[in-house]
Amino acid sequence: MSEVEEEIMQAEDGRDEEDRREGEERKEEVASPAPAKKKRKFLLILFIAVLVIGFSFYHLFWNSSGSGVHSCPASSSRFLAKNIRNQGDVLSIGETTSYIRLLKKSLNAKSGYLKKGECDLFSGDWICDPYGPVYTNNSCNFIEAPQNCLRNGRPDTDFLYWRWKPNGCELPPFDPLKFINAMRNKSWAFIGDSIFRNHIQSMLCLLSKVDEPVEVYHDETYKSRAWYFANHNLTIAVVWSPFLVKSKISEDDQGKSKAQVQLYLDILEPKWTSQYNKYDYIIFSGGQWFLKTMVMWENNSIVGCHNCNDKNIKEIGYDYAYRKALQMSYDFMTSSEHKPLIFFRTWTPDHFEHGEWFSGGVCNRTSPYGEGQYNGKPVDHDMRGIEVEEFEKALKKGARLKLLDTFNLSLLRPDGHPGPYRTFHPFAKSKKAQVQNDCLHWCLPGPIDAWNELVMKMLVDEGDVSYN
């Protein structure tokens with residue numbers, strides 16, 4: 001064999017060996033795809049599972065924060081709800097009815113309507129509501145300037161997207177059509193302080209979706225007012241009586257006193273007693289005014305004072321005055337031959353932090369507290385304790401009394417107040433402007449709308465209104 005032929009054969013043997021090795025490698029590749037694919041599939045499933053679990057935990061626990069305050073998420077359904085309501089335009093009666101039906105259907109899918117005595121309406125939590133309010137500050141003409149927070153420039157809107165959820169049951173939404181039809185030829189009075197002016201604005205906004213009321217009365221200061229729904233012969237009035245008993249008050253529009261309040265604990269305020277007989281439904285309450293500096297009178301003599309710093313007058317405290325005022329009011333109502341359905345609304349806590357209204361106090365939280373995260377101030381519990389005690393005493397005397405206990409649900413909403421936005425764009429000139437905060441009244445729309453849902457549910461329990 002020639003040298004050339006040997007080189008050719010060696011080259012061919014090398015190629016054969018190379019081909020053999022390549023063939024074996026290809027066989028290994030063909031034999032291994034199943035385990036490799038299974039491994040890749042397992043890793044993909046694991047990755048997806050981690051994403052799903054993480055997403056679930058995010059939605060379950062994202063309301064939690066280091067401050068113990070939870071917040072409502074911005075969601076696509078929220079913006080859908082806004083579109084359904086035509087960006088805040090006034091709805092027709094049919095549209096309003098359909099919208100309420102949509103909300104009721106949503107609640108029915110969860111746990112159904114409440115039956116009488118099914119649960120405690122006043123214990124629960126605020127949960128995220130993607131639908132938001134059924135009216136806006138643009139669609140309602142009855143919101144007074146200090147409560148029109150969005151128009152005044154409040155930048156956050158999450159406070160609008162919560163609803164009150166009693167423990168163990170659902171609270172149906174306020175149905176203005178059912179309510180106003182049931183209240184045909186009736187009259188309502190809200191007797192108390194400016195919180196009731198706040199409350200009545202909410203009711204007017206809700207009912208104006210069905211029938212537009214006309215103001216038929218106001219006093220010189222516009223603190224006592226009345227509205228008339230002509231299509232239903234319904235009158236709703238607010239009667240200014242912050243102490244329920246007779247008083248002499250001297251203060252300016254900003255709440256600054258020019259002299260001590262003179263309080264006559266044995267004489268009821270005639271502004272409400274003189275027209276008591278004309279109302280079918282009454283909501284009344286005392287309130288924050290009893291914390292003011294005041295001198296108390298009985299039988300034409302001074303019996304004591306609260307915070308008056310007068311060595312010649314005995315300090316007997318606000319609790320004495322408040323109890324006496326409630327006792328006098330209940331005695332009048334229970335002894336009267338006129339028997340309207342009477343709601344007593346419990347104490348409304350404020351949420352001033354880092355001071356009071358006159359000393360730089362603020363309320364800049366943007367989310368509710370969870371149940372049990374905030375218990376309020378000692379004065380809150382003192383006043384509510386007096387209210388419950390006197391209510392239970394009066395309940396045994398024969399009047400048609402209902403306790404509208406808004407204390408707990410109000411306590412959990414530090415985000416619902418106007419804060420600095422009680423005035424129009426308070427920081428327009430300077431972001432560091434020193435402005436007075438309102439941490440007592442409520443933005444509209446806002447948490448106070450739930451009070452009317454509770455009122456309607458209580459009327460349903462009483463048989464005066466039907467959801468059917």
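Accessible areas here come from the Shrake-Rupley method with a 1.4 Å probe, and for residues only the protein chains shown count as cover. This is a predicted model, where local features need pLDDT of at least 70 and side-chain atom pairs count only at pLDDT 80 or more, while totals for chains, interfaces and linings use all residues. Residues are numbered from 1 along each chain as its sequence is written, and side-chain values use heavy atoms, with hydrogens and water left out.

**View 1. A nonpolar patch on the surface, made by V214, V216 and Y217.** The patch covers about 300 Å². To join a patch, a residue needs over 30% relative accessible area and no salt bridge (a side-chain nitrogen of Lys or Arg within 4 Å of a carboxyl oxygen of Asp or Glu); like charges are joined within 9 Å, and nonpolar side chains (Val, Leu, Ile, Met, Phe, Trp, Tyr) within 5 Å. Y217 sits in strand 4, residues 214-218. Helices (H or I, at least four residues) and strands (E, at least two) are DSSP runs, numbered from the N terminus. Y217 counts as partly exposed because its relative accessible area is 44%; buried means under 20%, exposed over 50%, and partly exposed in between (1.4 Å probe, protein chains only).

**View 2. H441, tucked into a loop between helix 10 (407-411) and helix 11 (449-462).** With a relative accessible area of 15%, H441 is buried. Its side chain makes a polar contact with the side chain of S194, at 2.6 Å. A polar contact is a pair of N or O atoms within 3.5 Å; within protein, one must be able to donate a hydrogen and the other to accept it, and residues adjacent in sequence count only if both atoms are side-chain atoms. Setting aside neighbours within four places in sequence, the residues in contact (heavy atoms within 4.5 Å) with H441 include Q147, N198 and H417.

**View 3. Helix 6, residues 194-207, with its cap.** D193 caps the N-terminal end: a side-chain oxygen of D193 lies 3.0 Å from the backbone nitrogen of I195. The helix is mostly covered, with 14 of its 14 residues buried. From first C-alpha to last it reaches 20 Å, close to the 20 Å expected at 1.5 Å a residue (1.5 Å times one less than the number of residues).

**View 4. Helix 11 and the glycine that follows.** Here 13 of the 14 residues are buried, so helix 11 is mostly covered too. Right after helix 11 comes G463, whose phi is positive, near 90 degrees.
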